[in-house]
Amino acid sequence: MAQENAAFSPGSEEPPRRRGRQRYVEKDGRCNVQQGNVRETYRYLTDLFTTLVDLQWRLSLLFFVLAYALTWLFFGAIWWLIAYGRGDLEHLEDTAWTPCVNNLNGFVAAFLFSIETETTIGYGHRVITDQCPEGIVLLLLQAILGSMVNAFMVGCMFVKISQPNKRAATLVFSSHAVVSLRDGRLCLMFRVGDLRSSHIVEASIRAKLIRSRQTLEGEFIPLHQTDLSVGFDTGDDRLFLVSPLVISHEIDAASPFWEASRRALERDDFEIVVILEGMVEATGMTCQARSSYLVDEVLWGHRFTSVLTLEDGFYEVDYASFHETFEVPTPSCSARELAEAAARLDAHLYWSIPSRLDEKVEEEGAGEGAGAGDGADKEQNGCLPPPESESKV
């Protein structure tokens with residue numbers, strides 16, 4: 001864990017150094033997983049729209065340019081073939097000849113006419129005539145296919161531009177998680193915040209423990225995912241993220257850290273993935289921000305520094321202290337040992353209070369009643385006299 005000098009007293013044995021763990025999720029939210037040996041690559045083409053949206057920007061721009069350029073070239077070549085087949089190119093100087101497209105004298109002119117048709121520019125120099133039925137059919141076909149290409153490519157670019165990935169960049173997580181006491185119970189905590197003034201609507205938080213495990217039958221499960229409760233049962237996982245919030249996971253009997261002491265936690269090998277989801281207020285699109293904490297990023301016996309102050313008429317958040325923590329007294333034992341110690345203390349108090357009351361009553365009785373006989377009919381600590389005293393009377 002971080003700050004090893006504070007974690008161990010001088011002369012104590014330091015934990016063995018571990019090889020750095022490979023992150024499952026990077027601090028910036030990128031999932032560190034690559035898909036390999038995918039044989040059924042045709043599946044990507046069945047959802048071509050999503051495939052184009054998921055491409056890198058340089059590839060998306062390349063496909064955007066190629067889609068239009070190839071369409072213009074394709075239909076330009078067809079317009080040139082129609083003019084060539086009809087003999088329009090051989091009667092360029094014949095004023096009595098009615099061509100399919102006026103002023104189309106070569107491939108470049110056909111290419112320009114294709115651009116003007118698909119983009120509906122219509123400069124007026126080149127125009128189709130009514131003596132060319134095949135040209136009319138091609139004009140209708142290019143207008144329809146051109147509209148489809150426009151809708152598809154412009155839609156891809158719009159979705160790619162409006163993706164909420166950049167909005168997630170303004171949702172920040174604390175650089176470390178901390179473990180300390182809250183209301184007498186050990187809790188694992190981290191902090192989240194939103195840098196923008198436009199808020200995340202219906203924000204919710206989740207946490208996953210990523211740790212390999214082996215079953216009783218000997219099956220090894222790498223990167224096994226376990227839920228860490230952050231208030232799902234009580235509704236605390238639904239956030240009103242106006243100012244930074246400290247998210248708490250109470251280490252109880254249902255927690256995977258129930259039997260983990262400070263030293264055991266330092267020697268463990270795991271990763272905690274935290275996921276913040278919500279809708280962007282401006283667009284209504286769902287946004288997800290992710291981060292993770294390795295063992296070295298969990299500080300035992302620390303608490304987050306407060307970042308919220310009350311100014312004249314408003315609250316101010318100091319993000320300069322967002323990642324800062326400070327040490328607090330925290331037991332090094334596990335949450336289970338702490339609960340057992342608390343139970344023993346409660347049991348001791350439960351039995352010690354009546355015994356102290358008995359002693360007090362006996363002292364008061366000795367002071368009052370030297371003259372009262374053994375058969376006096378009185379109560380001691382709420383109990384009636386024994387039957388032997390009554391028989392003596």
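The paragraphs below lead through the annotated stretches, the nonpolar cores and the two leading pockets of this structure. The model is a predicted one, and the values given here are computed from it.

A first point of orientation comes from the UniProt record, which places the annotation "transmembrane region" on residues 58-82 and on residues 135-156. In the model, residues 58-82 are 100% helix and 0% strand, and the C-alpha atoms at the two ends of this stretch are 36 Å apart. Residues 135-156 are likewise 100% helix and 0% strand, with end C-alpha atoms that lie 31 Å apart.

From these stretches the reader can turn to the nonpolar cores. The largest nonpolar core has 37 residues, and those with the most contacts inside it are Ile-205, Phe-257 and Ile-272. At least two residues of this core come from each of strand 1, strand 2 (177-182), strand 3, strand 4 (200-214), strand 8 (271-280), strand 9, strand 10 (298-300) and helix 9 (335-368), and strand 4 gives the most, with five residues. Leaving aside residues up to four places away in sequence, Phe-257 touches Leu-188, Leu-209, Leu-228, His-249, Ile-251, Leu-265, Phe-270 and Ile-272. Another core lies apart from the largest one and is made of twelve residues, including Phe-75, Ala-83, Ala-109 and Cys-132.

The pockets come next. The largest pocket holds about 510 Å³ of space, and of the 21 residues that line this pocket, Asp-28, Gly-29, Ala-168, Ala-169 and Arg-290 are the closest to its centre. Helix 7 (165-168), strand 1 (171-173) and strand 9 (286-294) are the elements that give two or more residues to this lining, with strand 9 giving the most, six residues. By class, the lining of the largest pocket divides into eight nonpolar, eight polar and five charged residues.

The second largest pocket holds about 440 Å³ of space. Its lining is made of 19 residues, of which Val-230, Gly-231, Asp-236, Ser-248 and Glu-250 lie nearest the centre of the pocket. The elements that give two or more residues to this lining are strand 3 (185-194) and strand 7 (245-250), and strand 7 gives the most, with six residues. Seven nonpolar, five polar and seven charged residues make up the lining of the second largest pocket.

Read together, these parts show some elements in two roles: strand 1 and strand 9 supply residues to the largest nonpolar core and also to the lining of the largest pocket, while strand 3 supplies residues to that core and to the lining of the second largest pocket.

Notes:
Residues are numbered from 1 along each chain as its sequence is written. This is a predicted model: local features need pLDDT of at least 70, side-chain atom pairs count only at pLDDT 80 or more; totals for chains, interfaces and linings use all residues. Side-chain values use heavy atoms; hydrogens and water are left out. On a 1 Å grid over the protein atoms alone, a cavity is a set of points where a 1.4 Å probe fits but cannot get out, and a pocket is an open set with protein on both sides within 12 Å along at least five of seven lines; lining residues have an atom within 4 Å of a point. Grid points are joined across faces, edges and corners, and a volume is the space filled by probe spheres set on the points. Helices (H or I, at least four residues) and strands (E, at least two) are DSSP runs, numbered from the N terminus. Ala, Val, Leu, Ile, Met, Phe, Trp, Tyr, Cys and Pro count as nonpolar, Asp, Glu, Lys and Arg as charged, and the others, Gly among them, as polar. A nonpolar core is a set of buried Ala, Val, Leu, Ile, Met, Phe, Trp, Tyr and Cys residues joined through side-chain atoms within 4.5 Å. Buried means under 20% relative accessible area, exposed over 50%, partly exposed in between (1.4 Å probe, protein chains only). Contact means heavy atoms within 4.5 Å. UniProt positions are given in the numbering used here, feature names are shortened, and annotations may be inferred rather than shown by experiment.
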